[in-house]
Amino acid sequence: MQFTDVTGLAGCAIAIVALAAKVPGVSRLSRTRRRGLLAAVFFAALLPVGALPLAGYVRGATGDLSIASLLLLGMGLLRALHGVPMPPDRNKLLSLIVLVAIAFYPWALGWSNFDPYRLGYGSYWLLAGLLGIALLSYWQELPTVALAIGLAVLAWSTGWYESANLWDYLLDPLVSIYAAMVLATQGIRRLRRG
Amino acid sequence: MKRHAPLLLLLLAFGAGFYHAAQRPPAAAFRASPTPEANHQPPILRSRFASSRLHTQAHAASLVELQDGRIRAFWFSGSREGAPDVEIRSSVFDPAQGSWSAEQKVVNRERTQHALQRYVAKLGNPVAGRAADGSLWLYYVTVSLGGWAGSSITAMRSTDEGDTWSDPRRMITSPFLNLSTLVRNAPFQYADGTLGFPVYHEFISKFGELLRLDSGGAIVDKQRLTPGGRGALQPVLLVQGGNEARVLMRYSGTPPYRAVTITTEDAGRHWSAPAKSALPNPDSALSAIVLPDGRMLAALNDIEQGRDALSLMVSADGGRTWRKVYQLEDQRGQPRDEAGYVEHVAGLLAGPVEGAVPAAERQEYLDSVKSQACTPQGCRYEFSYPFLLQARSGDIHLVYTWNRAFIKHVQFTPEWLRRQTERAR
């Protein structure tokens, strides 16, 4: 097993833990029991069931989760386990993910001859653009956005996952769908309230 | 200082990012294939089967020349295309003996899944390439979810000419769950030793792509060859010079059914707009090579429907016009009911495939073909997925799927091709 298998499987195991935390009844457990249960789920997700661990089956379908996914899953788990509130700029991060996904995926999947995914193999323009957004976020006091971008760039440059493409560290389709659903739900609630 | 720690961390991350980006190799010219030795062999064409496993489906063969001049073939084989029991198999052709070795399993789904640490449902097209350091790489298609549009590429490396292989590794080539990058045709080398690999995408829309791999097999660039929605896939890249190349692609769009072509004159920095070539294409794979004199040789189903005819065609003007020089297979109009088909295929097995099917085994071979090609609705003739290679000896080797049951090998000398080309004029 290679280092990138460990990081990839661990990411999927974290997603399984985050899903387990949402199971009805888990939130009613005492904090200690909840922590014990979710730690057990994490390790169980990495134990082989037949040919592969459960995280391996998830990884077959989802691939490795982006740093944005891990960050949001981490925030959710911190709230579930330690009662840490969501950071105030979480919605800004979700909005940025949705905007980038809308601009990115149609072109990356063949809309035209321009392929933005190519920029992820080390384009200085993409890096410079991300640096600009990260610095702007930092000065606008949006630390979660700056953190998501900074960690993604660091993970890419250190070969955290199998992918050599920066986009795979920045976002993935699942976090894009999740962000769109959260924002849509919030929007509908706001409309209902009038 | 503490207040500025996040900013310093951000700058550190981007410092690492820019340093990493600076390691990417600069653009490079194409490296032409090595010129084969002078071949003074008489005009000879021989054919035989490269695969020997019975009662299984065999498909999508490719070739690579070994250091000692032998030819190694890879294909996938199993109870049916897409079945979990499909394996990548290989056999070696010894030109001195004129025979293929017994076929062997290279890798199966279980080994792939275990090494990749992720679920794998099925295996598909295998293609081998030689890296600048002399090692062989085998790339093959794997699918975790859905059909072939859900494919990803898996790679293995061999330093002993394919006798043993490293653990499979996943190549990440697509941002959408790594879905839909497939291989079919051979990689080529750039002048700086990096490897160019024509691949294609099928999810939502079909288009050709070109990967560039460093000596360790890592992807350093990916380029789109055609926009989506044009039905162009399975690119074969023909290097004509340091900066010039033509790409031919299978076409799955609307009539007229012609292979799609693009060209470059600056080593792939820019490509022409996709256009339909003069080559007929019934949405089937084609193969082509550049001969030492600059002519191009293609093997393809040169029809607009079906895969029951296969031809060799030559272009003397860089791929603009093509002339058929030999009809390898043509079973158009032959019986498709089971009784008529069996009788006809029995004749084929007894005839042109010299020495490959001894009379004692012919019935087994026939049963194998019948099991793969016949359904209650009728039987089909299929001669598809050709793959061409010119060896250093000058001999040209072609493998293709023969009625889904076997991989057929055709070997011919440059003199044979010259005479066929003369005849076709």
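In chain A, helix H4(A) passes H7(A) in a right-handed crossing, meaning that the near helix is turned clockwise from the far one by less than a right angle. The model is predicted: local features need pLDDT of at least 70 and side-chain atom pairs pLDDT 80 or more, whereas totals for chains, interfaces and linings use all residues. Residues are numbered from 1 along each chain as written, chains are lettered from A and ligands numbered from 1 in written order, and side-chain values use heavy atoms, without hydrogens or water.

**Exercise 1.** Determine how the axes of H4(A) and H7(A) are oriented, and which residues make the contact.

*Solution.* Step 1: the axes of H4 (residues 67-82) and H7 (residues 143-157) of chain A come within 9 Å and cross at roughly 130 degrees. Axes are lines fitted to C-alpha atoms over the stretch in contact, with angles from 0 to 180 degrees between N-to-C directions. Step 2: H4(A) and H7(A) are therefore oblique to each other (not under 35, over 145 or 65 to 115 degrees). Step 3: H4(A) contributes Ile67(A), Leu71(A) and Met75(A) to the contact (heavy atoms within 4.5 Å), while H7(A) contributes Thr144(A), Leu147(A), Ala148(A), Leu151(A), Ala152(A) and Ala155(A).

**Exercise 2.** Establish the strand order of the open sheet in chain B and its edges.

*Solution.* Step 1: four strands lie in the order E16-E17-E18-E19 with antiparallel pairing (at least two DSSP bridges per pair; strands are DSSP E runs of at least two residues, and helices H or I runs of at least four, numbered from the N terminus). Step 2: E16 (232-239) and E19 (275-280) of chain B each have a single partner strand, so one side of each lacks a neighbour in the sheet. Step 3: the twist averages 35 degrees from one strand to the next. Step 4: Thr261(B) stands opposite Ala275(B) in E19(B).
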